[in-house]
Amino acid sequence: MNRIRGKTALITGATAGIGEACARQLAAMGAHLVLAARRRERLAALAAELRSEHGEEPLVHELDVRDRAAVNDFAARLDERGVAIDILVNNAGLSRGLDDLQDGSHQDWDEMIDTNIKGLLNVTRAILPRMIARDSGHVVNLGSIAGHMVYPKGNVYCATKYAVKALTQAANIDLVGTRVRMSSVDPGMVETEFSLVRFRGDEDRAGTVYAGVQPLIAEDIADNICYVLNAPPHVNIQHMVVMPTQQRSPYVIAREE
Ligand SMILES: NC(=O)c1ccc[n+]([C@@H]2O[C@H](COP(=O)([O-])OP(=O)(O)OC[C@H]3O[C@@H](n4cnc5c(N)ncnc54)[C@H](OP(=O)(O)O)[C@@H]3O)[C@@H](O)[C@H]2O)c1
């Protein structure tokens, strides 16, 4: 049964990886889409692709989730256009660097905290009250196994994903008595642009992350997100933890030679 058809979904970070795969999958299931990220050309290209595939052009919005005023303005503009968000996929996120805490870069820390925690809060604060007012909606946050177990040099990135887990649990308590659901989908290793961003474009170093392993791909996680969203209204999957079969914890990985 498809419970997603006809719903309106806002996806942050829709220009790459999991967010982009999610846009394709939700469009294929008949959702109306609102896509947000910073790279305007990629948003336009994806919108054109989805229009030619499905006959409906998504709304796209150039947005940096760290910019609280811009996020609030965006939400107000959606109201003006009569667009009510049924599904929010809080996907925009990143890691920067891999250092011992004592050697960490303040700039990397700020970028991760501002995007993964404060950016997610900015978008949630703007959209969630509108869902509560309609007593309907579902928020899916992209957590990580890094929010369940820390790994060497993962310190601040892990802390941001622990925060996503805590916020998902806390919001569910605050939402009790409403029909609004919140979930987190928490992947292990997914081959996207994630490691390229972490290592600032160093393809060789990014490649070593996935060496000798069949990682998850973005479409796997889009499948999981759609499963969570498609659950009947009385079912709230609070956390879904997903890893490649060759990975059983952040650093227990069976690599082939
Ligand atoms: N890949 C993994 O192994 C893995 C594992 C666990 C969890 N995750 C989580 O999954 C989510 C998606 O990651 P991914 O693997 O798909 O990485 P990705 O391929 O690098 O995609 C990240 C997306 O986030 C967007 N983004 C980053 N900063 C943003 C900002 N300030 N404002 C708006 N959009 C922003 C990027 O778009 P623009 O640059 O165009 O803004 C891009 O579309 C992240 O939250 C990540 O932490 C990933």
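**Exercise 1. Packing of α5**

Task: In this predicted model, determine which elements the buried residues of α5 pack against.

Solution: Begin with the residues themselves: the buried residues of α5 are V156, Y157, C158, T160, K161, A163, V164, K165, T168, A171 and N172. Next, follow their contacts outward, which lead to α4 (106-134), β5 (137-142), β6, α6 (194-198) and β9 (239-242). As background for reading such a list, an α-helix has 3.6 residues a turn, so residues three or four places apart point the same way.

**Exercise 2. The span of α5**

Task: Work out what span the 20 residues of α5 should have at 1.5 Å a residue, and compare it with the distance between the end C-alpha atoms.

Solution: The expected span of a helix is 1.5 Å times one less than its number of residues. For the 20 residues of α5 this rule gives 28 Å, and because the end C-alpha atoms are also 28 Å apart, the two values agree.

**Exercise 3. The residue after α5**

Task: Decide whether L175 is buried or exposed, and find which residues it touches beyond four places away in sequence.

Solution: First, locate L175, which is found in the loop between α5 (155-174) and β6 (180-187). Second, apply the cut-off for buried, under 20% relative accessible area: L175 has 4% relative accessibility and therefore counts as buried. Third, list its contacts, which, leaving out residues up to four places away in sequence, are L128, I132, V180 and M182.

**Exercise 4. The ligand and its shell**

Task: Describe which residues surround the ligand, by distance and by class, and which polar contacts reach its oxygen atoms.

Solution: The ligand is surrounded by 30 residues, of which the closest are T15, R38, R39, Y157 and T192. Sorted by class, the shell holds 14 nonpolar, 10 polar and six charged residues, and α1 (17-28), α5 and α6 each contribute at least two residues to it. Turning to single atoms, a polar side-chain atom of K161 lies 3.0 Å from a ligand oxygen atom, a backbone N or O atom of G13 lies 3.0 Å from an oxygen atom of the ligand, and a polar backbone atom of V190 is 2.9 Å from one. Finally, the ligand taken alone exposes 880 Å², and the protein buries 96% of that.

**Exercise 5. Cover and end of α1**

Task: Find how many of the 12 residues of α1 are buried, and what follows this helix.

Solution: Nine of the 12 residues of α1 are buried, leaving the helix mostly covered; among them are I18, G19, E20 and A21. After α1 comes G30, whose phi is positive, near 90°.

Terms used:
Residues numbered from 1 in each chain as written. Predicted model: local features only at pLDDT ≥ 70, side-chain atom pairs only at ≥ 80, totals over all residues. Heavy atoms only, no water. Helix = DSSP H or I, 4+ residues; strand = E, 2+ residues; numbered from the N terminus. Buried < 20%, exposed > 50% of the residue type's maximum accessible area, 1.4 Å probe, protein only. Contact = heavy atoms within 4.5 Å. Near = heavy atom within 4 Å. Polar contact = N/O pair within 3.5 Å; in protein donor to acceptor, adjacent residues only side chain to side chain. Areas by Shrake-Rupley, 256 points an atom, 1.4 Å probe, with all protein chains shown as cover. Nonpolar A, V, L, I, M, F, W, Y, C, P; charged D, E, K, R; others polar.
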